[in-house]
Amino acid sequence: MPFTPHGKHLIAGEWTAGDDTFESSPAHGPAHRFAFGTPDLVNRAVQAAEAAFEAYSRRPRQERAAFLEAIADEIEARGADITEIGTQETGLPAARLEGERGRTSGQLRLFAAHIRKGDYLDRRHDEALPDRQPAPRPELVMVQRPIGPVAVFGASNFPLAFSTAGGDTAAALAAGCPVVVKGHEAHPGTGEIAAEAIRAAIEKCDMPAGVFSLIQGGDRSVGQALVQHPLIKAVGFTGSLAGGRALFDLCAARPEPIPFFGELGSVNPMFVLPHALEARGEEIGRGWAASLTMGAGQFCTNPGIAIVMDGKAADRFVDAAADGLKQVDAQVMLTDGIAKAFNAGRDQVAQSAAARPVMVAGAEGRKASPALFETTAAEFLENPQLHHEVFGPLGLLVRAGSAEEIEAIARALEGQLTVTLHLGEGDVAAAQALRPVLERKAGRLLVNGFPTGVEVVDSMVHGGPYPASTNFGATSVGTLSIRRFLRPVCYQNMPAALLPEDALG
Ligand code: NAP
């Protein structure tokens, strides 16, 4: 039987219809109707989250870990339905949805193991020094505590791993924080199944119902009401620079400002240093084409810019990249809006006097074809609009005339999620000069690889200086992302009977 969504919001364990509905806009297959979000529904969900907070955050870590594992099991049990509706809604291939489902359940299990271990609590203890002169020192205990109800915005480009039951939700629930998700209109049916998996796990693990709610779609007033609600204490967001910045500003302007963890745009520059270019330029060019077009280029880690030393090896590199891109047919984009934004961004680059087309092909409707442009270092440095992300399969080659120009480009970069260095044996000294510049620009520096493909592990940093993210001290992938939803509390002279269980070890 094909899966048919009922189209309701999930508010504190109850599937709730609204007065208005919207129709989904799948890449293929039938459209369905979904309840439209409102600020009033947001308020009900947030009130329920606050009501659940104390009970949920007090549940022992073992129980919260079992809850996260139960969500992972429930997602896996719904795998076929998720793949069916997820592929229809997003146009992504089944293999991608299946891989993303594994990542989603995997990160829930990773957080379960992480909180069982307890290192994230960062417990610190300074013993009392009653005989210290001139004044005694009290006993001090520090431990990380959950921050309160968290708002999460589902991302269009990861219908599972960065959406309803994705990384932000997993990190917040692991920390002990209830979650209210504003679902993305691009995949409401996929969101409904993920929410049902969480609802089933809440019941199975006897967690408070308000620990999770999903508000489907709605207009801008829904997201605005969510981040401005006085009971929301932090926000996790993945999306556009414009949207993220607008919501960040609302969070900062609240009577009580709250942290907004936005993961926004990035062009993920790739420096191909001279010896690597000479020895492996064609291979790197082909790899660049594959990385640029993976998932129709709709990855926040898409390497949109390559910087090379001009010359014959650069010509071979660009020819290999263009050949690779020509092999890729037009691909379906996640939404009509994203396809339109890609075409507009590509046309803007094409109209710039500073960029010359290497290959550009048109595509109909919701599809995008790869595009490759080139410019010089001097033109790149003079035209900041060329530094901005065009979300989709677009590459810009920058030809530099000297090592000084390469360094000037590194220094001119905005904040990035990633920067890549391709090195040959003779490039180490040049790379040593660039590394201190580049590590101030990005959350992750890679050597001889491609940035698409983000490992979900303890050491991952998926964040970076603005505009890559709104909080460069944080990551939105990996276990360190739990830190976003915790705050340190120091207990002075507190008897053990009053300390939270987590402070005791
Ligand atoms: P988006 O437009 O930023 O939207 C993300 C979410 O935020 C949606 O739920 C949206 O609600 C909400 N939102 C955006 N602006 C808002 C505002 N001013 N007030 C209240 N809510 C607001 O991102 P998207 O829909 O995922 O994709 C659009 C563009 O974002 C892409 O073309 C791409 O450039 C970029 N993007 C970047 C990344 C990345 O990782 N770097 C990932 C995905 C997308 P509505 O749907 O109601 O507007």
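This is a short selection-by-selection tour of a predicted model with a bound ligand.

**Stop 1: the ligand and its shell**

Start by selecting the ligand and showing what surrounds it. You should find 22 residues there, and the closest are Ser156, His184, Ser240, Leu264 and Cys300. Colour that shell by residue class and it divides into 8 nonpolar, 10 polar and 4 charged residues.

Next, show side chains and look at the ligand's oxygen atoms. Ser240 places a polar side-chain atom 2.6 Å from a ligand oxygen, and His184 has one 2.8 Å from an oxygen of the ligand. Add Glu263 to the selection: an N or O atom of its side chain is 3.2 Å from a ligand oxygen. Switch to a surface view here, and note that the protein covers 86% of the 860 Å² of accessible area that the ligand has on its own.

**Stop 2: where the shell comes from**

Now go to cartoon view and pick out α7 (220-228), β10 (234-238) and α8 (241-253), each of which supplies at least two shell residues. Helix α8 gives the largest share, with 3 residues. Then colour by domain: both domain 1 (9-22 + 32-264 + 469-504) and domain 2 (270-447) contribute at least three residues to the shell.

**Stop 3: the largest nonpolar core**

Select Phe67, Phe212, Phe271 and Phe485. Within the largest nonpolar core, which has 96 residues, these four touch the most other members. Bring in helix α6 (residues 188-205) as well, since no element gives more to this core than its 8 residues. Like the ligand shell, this core draws at least three residues from each of domain 1 and domain 2.

**Stop 4: backbone details**

Most peptide bonds are trans, and most residues other than glycine have a negative phi. Here are some exceptions to click on.

- Gln133 and Pro134 are joined by a cis peptide bond with omega about 5°; look for Pro134 in the loop between β5 (124-126) and β6 (140-146).
- Tyr466 to Pro467 is also a cis peptide bond, with omega near 10°; Pro467 sits in the loop between β20 (442-447) and β21 (486-492).
- Asn268 has a positive phi near 50° and lies in the loop between β11 (260-263) and β12 (270-272).
- Asn493 has a positive phi of about 55°, in the loop between β21 and α15 (501-504).

Before you leave, select the two asparagines: which is buried and which is exposed? Asn268 is buried, at 0% relative accessible area, whereas Asn493 is exposed, at 52%.

Conventions
Residues are numbered from 1 along each chain as its sequence is written. This is a predicted model: local features need pLDDT of at least 70, side-chain atom pairs count only at pLDDT 80 or more; totals for chains, interfaces and linings use all residues. Side-chain values use heavy atoms; hydrogens and water are left out. A residue is near a molecule or strand if one of its heavy atoms lies within 4 Å of it. A polar contact is a pair of N or O atoms within 3.5 Å; within protein, one must be able to donate a hydrogen and the other to accept it, and residues adjacent in sequence count only if both atoms are side-chain atoms. Accessible areas come from the Shrake-Rupley method with a 1.4 Å probe; for residues, only the protein chains shown count as cover. Helices (H or I, at least four residues) and strands (E, at least two) are DSSP runs, numbered from the N terminus. Ala, Val, Leu, Ile, Met, Phe, Trp, Tyr, Cys and Pro count as nonpolar, Asp, Glu, Lys and Arg as charged, and the others, Gly among them, as polar. Domain bounds come from an automatic or database domain assignment. A nonpolar core is a set of buried Ala, Val, Leu, Ile, Met, Phe, Trp, Tyr and Cys residues joined through side-chain atoms within 4.5 Å. Buried means under 20% relative accessible area, exposed over 50%, partly exposed in between (1.4 Å probe, protein chains only).
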